[in-house]
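Me: Hi! Could you walk me through a few spots in this one? I'll just throw questions at you as I look.

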Amino acid sequence: MTANIGNKTLFVIPARGGSKGLPRKNILPLAGKPLVMYAVDVARELAPDSMIILSTDSEDIADTVRGYGLPVPYMRPAELATDTAGSREVVLDAMRYADGQGIAYDNVCLLQPTSPLRTADDVRRCINLYRPDLDMVTTVKEVSANPYFNCFETDPESGCLRIAKGDGCLERRQDAPKAWELNGAVYVINPASIRAMPFGRMMRRMPVEMPVERSVDIDSRLDWIIAEHLLAEMKN
């Protein structure tokens, strides 16, 4: 059932055919379901199919998703299917398609297939936090190496280690300010902001915390094994 989440959100799911670390990654079965379908299923909990765009250059991926009932009316241009194509260009391309179809939206939610442990509630919290004066709302996890406590840089003159942030005098990690890392699971983006600038220049970003154990971003075989194990635990 579609949730009433207040904003009109365009969901974009980028699923490129090429993958060096795990060939055909997006359609490999993870705990019995093609990886890309975890993102599709979450989007479908929150929006009608007409507001979900799968951006892919692969007919195999498109056919897999069509087999689950989601229309895939257009294919990503070849120039956006290379290793060097960025997420911003892919999102802008999907937005151009939506604009050409007369689809109205207030914000764009980017759901990368490589975060299969995200939930509809994670996405809902991001969308509910979004405001037009923000560039982005995005999910984060607490960092494992805190820049105030145990994350260091090399001094360019002496070659010695120096604390990355602060004076380095903290003796307990608990006393350090919390620091966050983007976990890649959810990006709710202001359409005007992404048209105007790349992600790295967006300074008005609001965080939504996700637990570390659900912040797996699949890039390697080890990530895949971890995600499969965690999904099996969640089902028990």
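Me: Is threonine 56 buried or exposed?
Reply: Happy to help! This is a predicted model, and in it threonine 56 counts as buried because its relative accessibility is 0%.

Me: Thanks! Where is threonine 56 in the fold?
Reply: Threonine 56 sits in the loop between β4 (52-55) and α2 (59-67).

Me: And which residues does threonine 56 touch, leaving out those up to four places away in sequence?
Reply: Those are Ala15, Ile61, Ala62, Met75 and Arg76. There is also a polar atom of the threonine 56 side chain 3.1 Å from the backbone nitrogen of serine 58.

Me: Nice. New topic: how many disulfides are there?
Reply: The structure has 0 disulfides. For cysteine 109, the closest cysteine sulfur belongs to cysteine 126 and is 7.1 Å away, which is too far for a bond because a disulfide needs the sulfur atoms within 2.5 Å.

Me: What about cysteine 169, how far is the nearest cysteine sulfur?
Reply: That sulfur is in cysteine 160, 16 Å away, and cysteine 169 is in no disulfide.

Me: Which of these is buried and which exposed, cysteine 109 or cysteine 169?
Reply: Cysteine 109 is buried, at 0% relative accessible area, whereas cysteine 169 is exposed, at 56%.

Me: Last one: what does β9 pair with?
Reply: Strand β5 (residues 107-110) pairs with β9 in the antiparallel sense over 3 bridges, with leucine 110 opposite tyrosine 187. Strand β6 (residues 136-142) also runs antiparallel to β9, joined by 6 bridges, and methionine 136 faces isoleucine 189 there.

Me: How many of the residues of β9 are buried?
Reply: 7 of the 10 residues in β9 (180-189) are buried, so to speak mostly covered.

How values were computed: Residues are numbered from 1 along each chain as its sequence is written. This is a predicted model: local features need pLDDT of at least 70, side-chain atom pairs count only at pLDDT 80 or more; totals for chains, interfaces and linings use all residues. Side-chain values use heavy atoms; hydrogens and water are left out. Helices (H or I, at least four residues) and strands (E, at least two) are DSSP runs, numbered from the N terminus. Buried means under 20% relative accessible area, exposed over 50%, partly exposed in between (1.4 Å probe, protein chains only). A polar contact is a pair of N or O atoms within 3.5 Å; within protein, one must be able to donate a hydrogen and the other to accept it, and residues adjacent in sequence count only if both atoms are side-chain atoms. Contact means heavy atoms within 4.5 Å. Two strands pair if DSSP finds at least two bridges between them.
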